[in-house]
Amino acid sequence: MRRADGQFIEVNERWVSLFGFTAEEAIGRTFNELRIGTNEGECARFDSVLAAQGRYARDFELDLRSSRGEMLRVVVASETMDVGGEACLITMMRDVTERRRAEREIEDQRRQLRASRSRRSPRRAVGRGGA
């Protein structure tokens with residue numbers, strides 16, 4: 001992605017598979033034009049992290065959208081490099097959508113279990129022996 005205008009200059013097969021756009025559809029267009037970003041605030045925060053750290057941003061999580069409208073959670077590592085005399089972002093994204101979904105499900109089940117345990121009344125011990 002070219003830093004000056006945010007246009008994609010190249011995408012790999014995995015990117016095509018993840019987002020559902022062809023390389024031809026993506027190259028020369030921006031995230032906004034493809035409507036990949038879901039939250040302008042997150043994208044702005046990514047840009048400020050990149051600016052603050054200079055040339056790179058790592059382990060940054062973003063919610064994005066595929067061409068099919070599917071919500072994706074990705075972890076991004078991006079670094080600014082000179083490509084043909086232009087500052088470009090070389091970016092790697094790891095799809096963690098299913099992992100985050102599973103983590104939320106586990107946490108929900110834990111909450112339900114805790115709630116279930118707290119609703120149960122404590123058992124009373126029945127004493128033996130005569131009065």
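R58 forms a salt bridge with E79, and their closest N and O atoms are 3.6 Å apart. R58 sits in strand β1 (residues 56–65) and E79 in strand β2 (residues 71–83), so this pair ties together parts that are 21 residues apart in sequence. R58 is partly exposed, at a relative accessible area of 47%. E79 is also partly exposed, at 32%. All of this comes from a predicted model.

**Salt bridges**

Why can such pairs form at all? Side chains of opposite charge can pair when their charged atoms come close. In this model the count comes to 14 salt bridges. Three of the pairs are set out here, including the one above.

| Pair | Closest N and O atoms |
|---|---|
| R58 and E79 | 3.6 Å |
| R2 and D5 | 3.1 Å |
| R111 and D108 | 2.5 Å |

Take R2 and D5, whose closest N and O atoms lie 3.1 Å apart. Is R2 buried or exposed? R2 has 18% relative accessibility, and the cut-off for buried is under 20%, so R2 counts as buried. Its partner D5 is partly exposed, with a relative accessible area of 36%.

Now take R111 and D108, at 2.5 Å. Both lie in helix α5 (residues 97–119). They are 3 residues apart, which is about one turn of the helix. R111 counts as partly exposed at 44% relative accessibility. D108 counts as partly exposed at 36%.

Salt bridges can also link up into a network. Which residues are linked in this way? They are E61, D63, R73, R99, R100 and E103.

**The overall layout**

The protein has 5 helices and 3 strands. Along the sequence, the pattern reads α-α-α-α-β-β-β-α.

What is the radius of gyration of the protein? It is 24 Å, whereas a compact globule of 131 residues would have a value near 14 Å. The C-alpha atoms fill a box of roughly 95 × 35 × 20 Å, taken along the principal axes. Buried residues make up 24% of the 131 residues.

**The strands**

Strands β1 and β2 pair in the antiparallel sense over 8 bridges. One residue to find here is E61, whose bridge partner in β2 is V75. E61 also belongs to the network of salt bridges. The two strands form a hairpin with 5 residues between them. In the turn, G69 has a positive phi of about 85°.

How many bridges join β2 to strand β3 (residues 86–95)? There are 10, and these strands run antiparallel. D82 has A87 as its bridge partner in β3. Strands β2 and β3 form a hairpin too, with 2 residues between the strands. Here G84 takes a positive phi near 60°.

So each hairpin can be traced by eye. Start from G69 in the turn between β1 and β2. Then move on to G84 in the hairpin of β2 and β3.

**From strand to helix**

T97 is in helix α5. Is T97 buried or exposed? T97 has a relative accessible area of 9%, under the 20% cut-off, so T97 is buried. The C-alpha atoms of T97 and D63 are separated by 9.0 Å, although the two residues are 34 residues apart along the chain. D63 is another member of the salt-bridge network.

**The largest pocket**

Rolling a probe the size of a water molecule over the atoms shows where empty space is left. The largest pocket has a volume of about 880 Å³. It is lined by 32 residues, and the closest to its centre are M1, F8, F31, T91 and M93. Which elements give two or more residues to this lining? They are α1 (13–19), α3 (31–34), α4 (40–53), β2 and β3. The largest share, 6 residues, comes from β3.

What kinds of residue make up the lining of the largest pocket? They divide into 19 nonpolar, 6 polar and 7 charged.

**Pulling it together**

Strand β2 is a good place to end. It pairs with β1 over 8 bridges. It is joined to β3 by 10 bridges. It holds E79, the salt-bridge partner of R58 in β1. It also gives two or more residues to the lining of the largest pocket.

Definitions and conventions:
Residues are numbered from 1 along each chain as its sequence is written. This is a predicted model: local features need pLDDT of at least 70, side-chain atom pairs count only at pLDDT 80 or more; totals for chains, interfaces and linings use all residues. Side-chain values use heavy atoms; hydrogens and water are left out. A salt bridge is a side-chain nitrogen of Lys or Arg within 4 Å of a carboxyl oxygen of Asp or Glu. Buried means under 20% relative accessible area, exposed over 50%, partly exposed in between (1.4 Å probe, protein chains only). Helices (H or I, at least four residues) and strands (E, at least two) are DSSP runs, numbered from the N terminus. Two strands pair if DSSP finds at least two bridges between them. On a 1 Å grid over the protein atoms alone, a cavity is a set of points where a 1.4 Å probe fits but cannot get out, and a pocket is an open set with protein on both sides within 12 Å along at least five of seven lines; lining residues have an atom within 4 Å of a point. Grid points are joined across faces, edges and corners, and a volume is the space filled by probe spheres set on the points. Ala, Val, Leu, Ile, Met, Phe, Trp, Tyr, Cys and Pro count as nonpolar, Asp, Glu, Lys and Arg as charged, and the others, Gly among them, as polar. The radius of gyration is taken over C-alpha atoms; the globule rule is 2.2 Å times the number of residues to the power 0.38.
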